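Reader: Hello! I'd like to take a close look at one part of this structure, the hairpin and what surrounds it. Could you walk me through that part and then set it in the context of the whole chain?

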Amino acid sequence: MSQKGKPIDAPATEDPPYLQPGSIVEVNHEDNVCPRARYTAIIMERAASTDDQRYVVQFTNLYQDRNSGTKLSKEYNSVDIRPLPPPQPPRKFKVGDIVEAFFDDGWYEGKIDQVLDDDRYYIFRMSSMFLLFGMNQLRLHRTWLNGNWVPPLDESELAVEEEDSTEKMMESETGNAEASKAGTGNILEESDQKTKEKEEEFSEGAHVEVTNIDGDSSNQAWFAATIVKPVGNNRYLIRFETLRTEDDTGFLEKEIDSLHIRPPPPHIPVPDQFKMFDHVEVLYKGGWWKGVIAEVLPDDSKYLIFLANYDKLECKHSDLRPRQGSIDEK
């Protein structure tokens, strides 16, 4: 089984095309935040240890060991696997619509609770959480039933799906068929290539932020650090700027791979006052933790924050910054 980007050499089966080795799918993966969450994965092989339709998949954004970069592989029944939905053009939603929001590397099912700013932003209710999302972060909830999408794709989505298929055919005609064939494992290889290109990305003495690799994705924080030196294989020795050694003789040093290092977010103006449901990062225990404004307290300079792991925290305005993410290294 491929773990580090090697080609998938499992033989083709009599299963539907989306269940063939190498196919990109979405898997209903149980999550502590929401039981109805789907994550992108790759079919690795059909499980041989059972008569049921079970498959081994490797997730593209979930890790078994973040420190080593090993992706999580797990066995699922076919009822928990569906094809990757075609890209959906941005659409407007109304209160009560059942949608899916892209959150923590997965698509989470929930309901539109409020519509804000001329249909550009939405308050999304997921279990007991309320989160703010833009139009481009949402898609209509659909079910894969008996080989069809319910509700069915509309004309604009069918056009996107047909255009995607045409592009793949053109790749085949120009000699790039291997990039789109199921079972070649090129998707994994491309990921590894991007990782190689990141080597030596950070120079000695550079100020960076480092994520807490020992925590799970719902409890992720970023800590200020300095690059001490590169040590090869996309790894760096870093020195934290806020975390000290147990004997308090100096700042903690640790060897970390580049997947868990990023440049400090660019400075953007902090609003005079945050509002309910604003996505923020909170300076807490020496790191920046993601959370949502749950309440603006009577003292306007203080807020009640829901951290991503459900902890509640009262904090000052000066301990908050707008949450920023990294997309395509920007």
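Author: Happy to! One term is needed before anything else: pLDDT is the predictor's confidence in each residue, on a scale from 0 to 100. What you have here is a predicted model, and among the elements of the protein the highest mean pLDDT, 95, belongs to strand β5 (residues 81–83). At the other end, helix α2 (residues 186–197) has the lowest mean pLDDT, 37. Averaged over the protein, the pLDDT is 77, and 74% of the residues score at least 70.

Two stretches call for care. Over residues 1–7 the pLDDT stays under 50, and the model has 22 contacts beyond four places in sequence for them. The pLDDT is also below 50 over residues 165–199, a stretch with 45 contacts in the model beyond near neighbours in sequence. Where pLDDT is low, the predicted coordinates should not be read in detail.

Now to the hairpin. It is formed by β6 and β7, with two residues between them. Strand β6 covers residues 98–103 and strand β7 covers residues 106–116; the two pair in the antiparallel sense over six bridges. One position to find on your screen is A101, which stands opposite Y108 in β7. In the turn, D104 has a positive phi of about 50°. For background, most residues other than glycine have a negative phi.

Strand β6 has a further partner. Three bridges join β6 to strand β10 (residues 138–140), and these two strands also run antiparallel. Here V99 has L140 in β10 as its bridge partner.

Which way do the rings of F103 and Y108 meet? The count of aromatic pairs comes to 15. For F103 and Y108, the ring centres are 5.6 Å apart and the planes stand at 80°, so the pair is edge-to-face, the cut-off for that being over 60 degrees. Both rings belong to buried residues: F103 has a relative accessible area of 9%, and Y108 has a relative accessibility of 1%. F103 and Y108 also belong to one aromatic cluster together with Y39, F59, Y76, F124 and F133.

That cluster leads on to the nonpolar core, since F59 appears in both descriptions. The largest nonpolar core has 31 residues, and V27, V57, F59, I81 and L138 are those with the most contacts inside it. In soluble globular proteins, nonpolar side chains tend to be buried together. Take V57 as an example: leaving aside its neighbours within four places in sequence, V57 is in contact with V27, A41, I42, I43, M44, L72, S73, K74, Y76 and I81. Apart from this core lies another, of 24 residues, with F202, I227, I293 and L313 among them.

Another ring pair gives you something to set beside the one in the hairpin. The rings of Y284 and W289 have their centres 6.1 Å apart and their planes at 65°, so this pair is edge-to-face as well. Y284 is partly exposed, with a relative accessible area of 27%, whereas W289 is buried at 11%.

Since you work with backbone geometry, a few loops may also interest you. N234, in the loop between β14 (221–232) and β15 (235–244), has a phi near 60°, a positive value in a residue other than glycine. N234 is buried, with a relative accessible area of 13%. D248 sits in the loop between β15 and β16 (251–257), and its phi is likewise near 60° and positive. With a relative accessible area of 49%, D248 is partly exposed. Then there is the peptide bond from V150 to P151, which is cis, with omega near -5°. P151 is found in the loop between β12 (148–150) and α1 (155–173). Most peptide bonds are trans.

Finally, the whole chain. The protein has two helices and 22 strands. Buried residues make up 41% of its 330 residues. Of the contacts with a separation of 6 or more, 48% are between residues 24 or more positions apart. The accessible surface comes to about 18,700 Å², and carbon and sulfur atoms account for 49% of that surface.

Key
Residues are numbered from 1 along each chain as its sequence is written. Side-chain values use heavy atoms; hydrogens and water are left out. A nonpolar core is a set of buried Ala, Val, Leu, Ile, Met, Phe, Trp, Tyr and Cys residues joined through side-chain atoms within 4.5 Å. Buried means under 20% relative accessible area, exposed over 50%, partly exposed in between (1.4 Å probe, protein chains only). Contact means heavy atoms within 4.5 Å. Helices (H or I, at least four residues) and strands (E, at least two) are DSSP runs, numbered from the N terminus. Two strands pair if DSSP finds at least two bridges between them. Accessible areas come from the Shrake-Rupley method with a 1.4 Å probe; for residues, only the protein chains shown count as cover. Rings of Phe, Tyr and Trp (its six-membered ring) pair if their centres lie within 6.5 Å; planes under 30 degrees apart count as stacked, over 60 as edge-to-face and the rest as tilted.
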